[in-house]
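This report describes one protein model from its coordinates. The sequence and structure come first, followed by notes on loops, salt bridges and surface charge.

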Amino acid sequence: MGAFVISKRFDDQYKFVFTSRKGKVIFTSMKYELKFEGEEAIDYFKSNIGLATFEKHKSAGGKYFFKLFLDGAPFALSRKYTTELRVQKGIDEIMKYASVSEILDFSDNDLVFFD
């Protein structure tokens with residue numbers, strides 16, 4: 001099962017990533033001004049995953065990625081993949097595990113490893 005991981009960006013806005021069962025990032029969300037907006041977006045996505053659509057793309061560098069839309073609005077951008085098959089496996093993992101994935105909040109931890 002994957003996980004949604006909430007964190008704070010350098011510009012003091014929030015984002016979350018969806019990670020695979022093996023801990024690799026599958027997609028990164030759009031940014032949110034307030035943490036609760038990101039939490040609400042995750043909850044909405046988990047309960048309405050059937051409304052998600054995916055657009056597959058190929059970058060100028062030859063890498064593959066997808067854009068995730070929810071209700072027609074941009075929701076997230078995937079990491080870069082080496083093949084189209086891996087893109088599809090990432091999408092399949094989202095569809096299979098996202099609705100039951102846990103939410104981890106690391107947004108308050110400025111320093112994960114203390115001296």
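## Loop residues and backbone angles

D71 is placed in the loop between β5 (64-70) and β6 (73-78). Helices and strands here are DSSP runs numbered from the N terminus, with H or I over at least four residues for a helix and E over at least two for a strand. The model is predicted, so local features need pLDDT of at least 70 and side-chain atom pairs count only at pLDDT 80 or more, while totals for chains, interfaces and linings use all residues. Residues are numbered from 1 along each chain as its sequence is written, and side-chain values use heavy atoms, with hydrogens and water left out.

D71 has a phi near 60 degrees, a positive value in a residue other than glycine. Most residues other than glycine have a negative phi. At 48% relative accessibility, D71 counts as partly exposed. The classes are buried for under 20% relative accessible area, exposed for over 50% and partly exposed in between, with a 1.4 Å probe and protein chains only.

D12 also has a positive phi, of about 65 degrees, and is not a glycine. D12 sits in the loop between β1 and β2. Q13 belongs to the loop between β1 (3-8) and β2 and is partly exposed at 21% relative accessibility. The C-alpha atoms of Q13 and E33 are 4.9 Å apart in space, with the two positions 20 residues apart in sequence numbering.

## Overall fold

The protein chain contains 2 helices and 7 strands. Read from the N terminus, the order of elements is β-β-β-α-β-β-β-α-β. The radius of gyration of the protein chain is 14 Å, which agrees with the value near 13 Å for a compact globule of 115 residues. That radius is taken over C-alpha atoms, and the globule rule is 2.2 Å times the number of residues to the power 0.38. Along the principal axes, the C-alpha atoms fill a box of roughly 40 × 30 × 25 Å. Of the 115 residues in the protein chain, 37% are buried.

## Salt bridges

How many salt bridges does a search of the whole structure find? The search finds 5. A salt bridge is a side-chain nitrogen of Lys or Arg within 4 Å of a carboxyl oxygen of Asp or Glu. Among them are the pairs in the table.

| Pair | N to O distance |
|---|---|
| R9 and D11 | 3.4 Å |
| R21 and E93 | 3.4 Å |
| K35 and D105 | 2.9 Å |

R21 and E93 meet through their side chains. R21 lies in the loop between β2 and β3 and E93 in helix α2 (residues 84-97), so the pair ties together parts that are 72 residues apart in sequence. E93 is buried, with a relative accessible area of 13%.

K35 and D105 likewise form a salt bridge. This pair links distant parts of the chain, with K35 in helix α1 (residues 35-47) and D105 in strand β7 (residues 102-105), 70 residues apart. K35 is partly exposed at 21% relative accessible area, and D105 is partly exposed at 33%.

R9, D11 and K31 are linked in a network of salt bridges. R9 has a relative accessible area of 32% and is partly exposed. D11 is partly exposed as well, at 38% relative accessibility.

## Positive surface patch

Which residues form a positive surface patch? The patch consists of K22, K24, R79, R86 and K89. Patches are made of residues with over 30% relative accessible area and no salt bridge, with like charges joined within 9 Å and nonpolar side chains (Val, Leu, Ile, Met, Phe, Trp, Tyr) within 5 Å. Lys and Arg count as positive and Asp and Glu as negative, whereas His and the chain ends are not counted. The place of a charge is NZ of Lys, CZ of Arg, CG of Asp or CD of Glu. Within the patch, K22 is placed in the loop between β2 (14-19) and β3 (25-29). K22 is exposed, with a relative accessible area of 78%.

## Buried loop positions

I49 lies in the loop between α1 and β4 (52-58) and counts as buried at 14% relative accessibility. The C-alpha atoms of I49 and E93 are separated by 12 Å, and the two residues are 44 residues apart along the chain.

S101 is in the loop between α2 and β7. S101 is buried, with a relative accessible area of 2%. From C-alpha to C-alpha, S101 and M1 are 6.0 Å apart in space and 100 residues apart in sequence.

Terms used. Accessible areas come from the Shrake-Rupley method with a 1.4 Å probe; for residues, only the protein chains shown count as cover.
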